[in-house]
Amino acid sequence: MAAHPRDLVRVVGNRLELTRPPVLARIRALVAAGYLEKTGTTRPVYGPGRNRRAHFRHALQGLDEDRVWRTEAAPLLADLPANVRDICHHGLTEMLNNAVDHSEGTRVQVLVDRNDQRVAMAVIDDGVGIFRKIARALDLPDERLALLELHKGKFTTDPRHHSGEGVFFTSRMFDVFAIHSHELVFDHRETALDDWLFDVDRDAPGTAVMMEIALDSKRTAKEVFDRYSGGPDDYTFAKTVVPVRLAKVGDENLVSRSQAKRLMQRVDRFRVVVLDFAEVGSIGQAFADEVFRVFANEHPGVELVPVHANPEVQQMIRRAEVARDADAGQLPLL
């Protein structure tokens, strides 16, 4: 476009083998959307608009994610507020690095789209798929349980080189963060109370990560890190929030010790574990006992904080806590 500001319609038509009317229609749409600017009417001159959209393709082998940011994405976002640009930098490089190190793919696509209101980015690889890889690494019976592990944080298939914190923190920095892999879609929205996992009909090989943030967002990367740290002077990833409902597969109820063990897998790496019982109608005695007595006794340094539990669930939790206190000799077992 920069090389053909006066004959853009002709050049695009020749390259795409299209007649003048469909090319003009598309150019008018881009002008109306702010991606192109038009000067003059009889012999118009076209130039870049206030909005930006770009699509890049790379081989994964040897790819430097920071070079992609520096040479391709950053110039499109140079005038963003500093906090939004920092979040975009973090998100794009983290997700690209995941694709390079974990996807087992060969190619990656990067999309950047900004307008007057928001920035949207996508990183799409042709690898094995994130949910499938997590399920394989942890020997999970269902790929949908991979979301539970992503939500906890501190999971990586390469612990020597990665902390397992990339997806967790990135998902909480953006207004919208979604992952589509095969028939599953993970969706996190800042305005929603919880994350969601959807089954979809379309099989999407590899992993597609979509991120979006408003230009007027006041959120900072530091604020997100601080929210899950151990305190103002402790920058370790010490707190996690676990939606208990994600331990279910399909329509099953949460009744067994094996389900509880699945829920509590790896959470001993945190000092504070918030167990969110939203949308959980009931839990079984064995499930509650495994979490609030057995796990609590075995991990006294981990604080378990149940939230959003209905009265029936609260009663089962309290029963297990009374049994735990009796184990410690603090209360008689009734």
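With which residue does D226 form a salt bridge, and how far apart are the closest N and O atoms? In this predicted model, the partner of D226 is K222, and the closest N and O atoms of the pair are 2.7 Å apart. Both residues belong to helix α8, which spans residues 221-227, and because they are four residues apart, about one helical turn separates them. This spacing is in keeping with helical geometry: an α-helix has 3.6 residues a turn, so residues three or four places apart point the same way. D226 has a relative accessibility of 29% and is therefore classed as partly exposed. Elsewhere, R257, D289, E290 and R293 are joined into one network by salt bridges that share partners.

In total, the model contains 17 salt bridges. Side chains of opposite charge can pair when their charged atoms come close. One of these pairs consists of E143 and R132, for which the closest N and O atoms lie 2.9 Å apart. R132 is located in helix α5 (130-138), whereas E143 occupies the loop between α5 and α6 (146-152), so the salt bridge ties together parts that are 11 residues apart in sequence. Both partners are partly exposed: the relative accessibility is 23% for E143, and the relative accessible area of R132 is 31%.

A further salt bridge links the side chains of D113 and R118, with an N to O distance of 3.8 Å. D113 is buried, because its relative accessible area of 14% falls under the 20% limit for that class.

A polar contact was also identified at H90, a residue of helix α4 (residues 82-102). With a relative accessibility of 17%, H90 counts as buried. Its side chain is joined to that of T170 by a polar contact of 3.4 Å. When residues up to four places away in sequence are left aside, H90 touches T170, M173 and F225.

Two of these contacts, T170 and M173, are listed among the buried residues of helix α7. Helix α7 comprises residues 166-173 and is mostly covered, with eight of its eight residues buried. Besides T170 and M173, the buried residues of α7 are G166, V167, F168, F169, S171 and R172. The third residue touched by H90 is F225, which falls within the range of helix α8, residues 221-227. H90 of helix α4 thus touches residues of helix α7 as well as F225.

Key
Residues are numbered from 1 along each chain as its sequence is written. This is a predicted model: local features need pLDDT of at least 70, side-chain atom pairs count only at pLDDT 80 or more; totals for chains, interfaces and linings use all residues. Side-chain values use heavy atoms; hydrogens and water are left out. Helices (H or I, at least four residues) and strands (E, at least two) are DSSP runs, numbered from the N terminus. Buried means under 20% relative accessible area, exposed over 50%, partly exposed in between (1.4 Å probe, protein chains only). A polar contact is a pair of N or O atoms within 3.5 Å; within protein, one must be able to donate a hydrogen and the other to accept it, and residues adjacent in sequence count only if both atoms are side-chain atoms. Contact means heavy atoms within 4.5 Å. A salt bridge is a side-chain nitrogen of Lys or Arg within 4 Å of a carboxyl oxygen of Asp or Glu.
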